[in-house]
Amino acid sequence: MINLLAVKAIYFHEMNRTRRTILQSIISPILSTSLYFVIFGSAIGSRIKEIDGVTYGMFIVPGLLMLNLLTQSVSNGSFSTYFPKFNGTIFELQAAPISGVEMIIGFVGATSTKSIFLGLLIIATASFFIDLKILHPLLMVFFLLMTAVTFSLFGFVIGLWADNFEKLSLIPLIVITPLVFLGGSFYSINMLPEIWQKISLLNPVLYLVSGFKYSFYEISDVSIWTSIITILLILFILIVITLLIFKKGYNLRN
Amino acid sequence: MNKSFIQIKKVSKIYKNKFAALKNIDLNIQEGEIFALLGPNGAGKSTLINVLCGITYHSKGTIFIDGVDLTKNRKKIKSLIGLVPQELHLEAFETVFDNVNYSRGLWGKKKDDNYILNLLKKLNLDDKKNNLLMQLSGGMKRRVLIAKALSHNPKILFLDEPSAGVDIELRKEMWDIIYTLKKEGVTIILTTHYIEEAEEIADRVAFINNGKIILVEDKNVLLNKLGNNKLVFTLDKNLKKVPAALNKYSYKVNKNKSYIEFFLSKEKNEVSDILLSVRKSKMDYLDFNIEKRSLESIFVDFIKKEKND
């Protein structure tokens, strides 16, 4: 039987950490997003012509959302798993009657909640700067939810793997951020030379950004179904990896 | 009659690098007893505790706790256990109350503020309940760790070096807490460097060295069996020769012959006999006293014997 009270305890413990670090967790990403809108949306964006029928300010909303969702989910997810290892309180999680799945639901649930909340705040912030429209709200919520859960889980895995703070920030810095920037967040891949268009298709984040863009404005770089399958596939692969980690006890028990 | 609550049979823990931290451990621990594991650093005390708590998996052997096989139902066994670790690992920015409550939740127990408040009161932490953990002294943190371990009403409490870095006053307070828990039926297993701690509170003791249990005995039986008292005379002048009249007693003279110690038999009261013989033989002494043999000296002898073997 699932230890729901333990899941709840982990979830609220992590949510309380967010409350304590509200500046770092919520306000900082909102501030940086606002700056993107001021600079790329209003100042520079006003001089850029429409892309696929939408203004540049509107065009960058899904990409900015994805950038924040991915980096915050991975950073928060990895930090919440790594921190108990760093301060030694991991012994309690190891000694408690909790299964790996319960631990994942608690930690990933809390990180995803933070990311979804952050995503909604970014949408609200964006609406102050641009005339925002969401043509497929349910699809947008689906991508928001799936991206938050998938990359929080990815963060969870990184937190288990990392044995120092450098490793912890390595993946968000050198993998996630470049993939988002090169994944069509701030441009359409149709604007690239053909060879770079093909190379861009190797970037999984492109499919997520594209799916997100479709949910907002019905514009996309790849088919919406390809985007949906991609996010489900990434989630599936991460679930398998996480379960294997728990089975082997990697960095969790001797 | 107490049943064997924890049964450990032929348990070994061998790491990937072939290091055997535990070697064929056989041990039975009774319900409601205070059991002390004594051993030098690296003897295997913490490994054994981690194995019993399900943190480390053993390589060989079987462990039954409350009739349940550890390898078959780890979750059930973990729910019975409270662990106070050796190191003071705590979240820095959380309040005492929230942190203890968190532990209760992890063990699948419903929120019960009154229970936690009573527990904090029992551990003299009630006035610190809203303090951040980083604001507490080492001794207070140790109490918080005990509160966390007791937050879910465990049947077994493991205390890994509970007195490490704790002053004498707090150590005695902790012993009182341990006595109270024993009265409530909690089985307590502690590891300690402080032999006087085991001597003071344990019902039974086990000596562990190099991953092997070298002795398990009721503390009082052990002290009775091996804890012969000594009558020690500090001599006025260095002794040239032990008077012949004293040869009938078992004695030892130190290297520079400044004192002589007589090993007292448990069967008969020899003190007055020896005093009389010393007086008759006109051996000059400055002082004498009776030294009780401690668990520590028995422990040291066992470790020495183990090394020689």
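This dialogue goes through a chain contact, a helix pair and a nonpolar core in a predicted model.

Student: How many residues does each chain bring to the contact?

Tutor: In general, the size of an interface is often given as the accessible area lost when the parts come together. Here a residue count is used: 21 residues come from chain A and 25 residues from chain B. On the chain A side, helix H1 (4-20) and helix H4 (90-95) each supply at least two residues. H1(A) gives the most, with seven residues. By class, the side of chain A that touches chain B has eight nonpolar, nine polar and four charged residues.

Student: Are H2(A) and H3(A) roughly parallel or roughly antiparallel to each other?

Tutor: Angles over 145 degrees count as roughly antiparallel. The axes of helix H2 (residues 22-43) and helix H3 (residues 56-87) of chain A come within 10 Å and cross at roughly 155°. H2(A) and H3(A) are therefore roughly antiparallel, and the crossing is right-handed.

Student: Which residues of H2(A) and H3(A) meet?

Tutor: From H2(A), they include Pro29(A), Tyr36(A) and Phe40(A); from H3(A), they include Ile60(A), Leu64(A) and Asn68(A). By class, this contact has seven nonpolar, eight polar and no charged residues.

Student: Which residues touch the most other members of the largest nonpolar core?

Tutor: Met66(A), Leu70(A), Ala36(B), Ala147(B), Phe158(B) and Ile188(B) do, in a core of 126 residues. H3(A) gives the most to this core, with 14 residues.

Student: What is Leu70(A) in contact with, leaving aside its neighbours within four places in sequence?

Tutor: Leu70(A) is then in contact with Thr147(A), Phe151(A), Ile176(A), Val180(A) and Val205(A).

Key
Residues are numbered from 1 along each chain as its sequence is written. Chains are lettered from A and ligands numbered from 1 in the order in which they are written. This is a predicted model: local features need pLDDT of at least 70, side-chain atom pairs count only at pLDDT 80 or more; totals for chains, interfaces and linings use all residues. Two residues are in contact if their C-beta atoms, placed from the backbone, lie within 7 Å. Helices (H or I, at least four residues) and strands (E, at least two) are DSSP runs, numbered from the N terminus. Ala, Val, Leu, Ile, Met, Phe, Trp, Tyr, Cys and Pro count as nonpolar, Asp, Glu, Lys and Arg as charged, and the others, Gly among them, as polar. Axes are lines fitted to C-alpha atoms, for helices over the stretch in contact, and angles run from 0 to 180 degrees between N-to-C directions. Angles under 35 degrees count as roughly parallel, over 145 as roughly antiparallel, 65 to 115 as roughly perpendicular and the rest as oblique. A crossing is left-handed if the near helix is turned anticlockwise from the far one by less than a right angle, and right-handed if clockwise. A nonpolar core is a set of buried Ala, Val, Leu, Ile, Met, Phe, Trp, Tyr and Cys residues joined through C-beta atoms within 7 Å. A residue is buried if 20 or more other C-beta atoms lie within 10 Å of its own, exposed if 12 or fewer, and partly exposed in between; C-beta atoms are placed from the backbone.
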